[in-house]
Amino acid sequence: ETLFEIPLETASGVSEAALERARGIEPCLECRSCRQAAGKNQPDIIYVTHEKTALSVDDVRKQINEDISIKPYSSKYKVYIVDEAEKMNIQAQNALLKTIEEPPGYAVILLLTTNADGFLPTIRSRCVMLHLKAVEDSLIREFLMRHCQIPDYQADLCVAFAQGNVGQAMLLASSEEFNELKDYAVQLIRRLGDIPVYDLMQELKPLNDYKEKIQVFFDLLLLLFRDVLLYKASGQEERLIFKEQSFIVRQIADRGSFPGLNRILEEIGTAGRRIRANVNYELTLELLLLNIKENIA
């Protein structure tokens with residue numbers, strides 16, 4: 001669930017009736033401002049950038065605090081969008097605190113996060129929290145097939161990963177890297193029973209190029225084995241996510257037992273936790289594949 005947080009001072013002058021009207025407004029996507037916003041070059045919409053691991057005090061000072069005193073260029077409001085705002089360290093949050101205590105009337109700061117508890121109480125108390133509901137899977141699926149012109153089986157996989165996020169689904173639909181990782185994961189599991197134990201590390205070498213996306217690899221495995229369990233229990237293919245690889249799903253289902261497949265799902269989760277705890281990357285992957293191999297041999 002993604003959350004938006006907006007300074008209370010910014011919203012305090014807006015009536016409930018005005019907010020209700022605003023909720024029903026949709027962009028025209030035709031005017032100059034809409035086209036600029038869609039192209040991410042609207043001068044009054046600032047996307048705060050940061051390193052992958054942290055949002056530093058310098059990021060906050062240079063991109064928000066030192067810029068916010070400059071009035072909007074062409075719009076009524078100046079909007080700052082901070083994605084993954086939970087990555088702000090304590091110093092960065094304290095640097096932002098003074099700004100959201102007394103923001104200019106034209107400034108709106110959106111802190112996008114999936115973990116509001118990661119903010120200091122002083123930050124949370126000065127913000128309005130808006131919970132965004134996930135979009136229905138069927139609507140995203142229809143949108144992807146119509147606008148991105150992808151087949152139904154590819155749309156199903158993107159929808160499963162996006163978890164209600166339309167933007168994420170669109171990115172996945174057009175991502176060659178995602179499709180390459182998906183194909184690698186499926187083919188690796190298909191051949192795993194025939195790969196000697198001493199060759200496992202050699203087979204894992206391609207994953208060295210995906211260290212930043214290793215959680216995506218784990219999620220792909222979870223969805224694949226979810227399909228395997230579903231097929232083993234029902235014998236039907238209609239609800240499979242990996243419809244294009246249904247033959248492989250059937251093969252794995254025939255080889256694995258229910259306890260063994262459940263053990264694999266547990267081991268995939270364990271591997272993800274180990275990576276987040278900075279356990280050795282190669283060792284974690286090797287242990288995971290050994291456990292999978294043992295349970296579907």
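1. Leu181 is buried, with a relative accessible area of 2%. The model is predicted, and every point below should be read with that in mind. Leu181 lies in helix 10, which covers residues 176–191. Setting aside residues up to four places away in sequence, Leu181 touches Leu207, Tyr210, Lys213, Val216, Phe217 and Leu220. Take Phe217 from that set. In sequence, Leu181 and Phe217 are 36 residues apart. In space, their C-alpha atoms are 6.8 Å apart.

2. Now the overall picture. The protein has 297 residues, and 41% of them are buried. Its secondary structure comprises 15 helices and 5 strands. Along the principal axes, the C-alpha atoms fill a box of roughly 65 × 40 × 30 Å. Consider contacts with a separation of 6 or more: 72% of them are between residues 24 or more positions apart.

3. Strand 3 deserves a careful look. It spans residues 78–82, and 5 of the 5 residues are buried, so this strand is largely enclosed by the rest of the structure. The cover is on both faces. Lys78, Tyr80 and Val82 are buried on one side. Val79 and Ile81 are buried on the other. Note that a lysine, Lys78, is among these buried residues.

4. What joins strand 3 to strand 2? There are 4 bridges between them, and the two strands run parallel. Strand 2 covers residues 45–48. One pairing to check by eye is Ile45, whose bridge partner in strand 3 is Val79. Between these strands the chain passes through helix 4, residues 57–65, in a right-handed β-α-β crossover.

5. Strand 3 also pairs with strand 4, residues 107–111. Here 5 bridges are found, again with parallel strands. Tyr80 stands opposite Ile109 of strand 4. The connection from strand 3 to strand 4 runs through helix 5, residues 90–101, and this β-α-β crossover is right-handed.

6. Next, the packing of helix 8 (residues 152–162) on helix 9 (residues 166–173). Their axes are 8 Å apart, at an angle of about 135°. That angle makes helix 8 oblique to helix 9. The crossing of helix 8 past helix 9 is right-handed. Helix 8 contributes Gln154, Cys158, Phe161 and Ala162 to the contact. From helix 9 come Gln168, Ala169, Leu172 and Ala173.

7. Helix 9 packs against helix 7 (residues 137–148) as well. In this pair the angle is about 45°, and the axes are 11 Å apart. Helix 7 is therefore oblique to helix 9. Helix 7 passes helix 9 in a right-handed crossing. On the helix 7 side, the contact is made by Ile140, Phe143, Leu144 and Cys148. On the helix 9 side, it is made by Val166, Ala169, Met170 and Ala173.

8. Which residues of helix 9 serve both packings? Ala169 and Ala173 appear in the contact with helix 8, and Ala169 and Ala173 appear again in the contact with helix 7. Leu172 is listed for the helix 8 contact, while Met170 is listed for the helix 7 contact.

Terms used. Residues numbered from 1 in each chain as written. Predicted model: local features only at pLDDT ≥ 70, side-chain atom pairs only at ≥ 80, totals over all residues. Heavy atoms only, no water. Buried < 20%, exposed > 50% of the residue type's maximum accessible area, 1.4 Å probe, protein only. Pairing = 2+ DSSP bridges. Right-handed = clockwise from strand over helix to strand, strands pointing away. Axes fitted to C-alpha atoms, helices over the stretch in contact; angles between N-to-C directions. Parallel < 35°, antiparallel > 145°, perpendicular 65-115°, else oblique. Left-handed = near helix turned anticlockwise from the far one by under 90°. Contact = heavy atoms within 4.5 Å.
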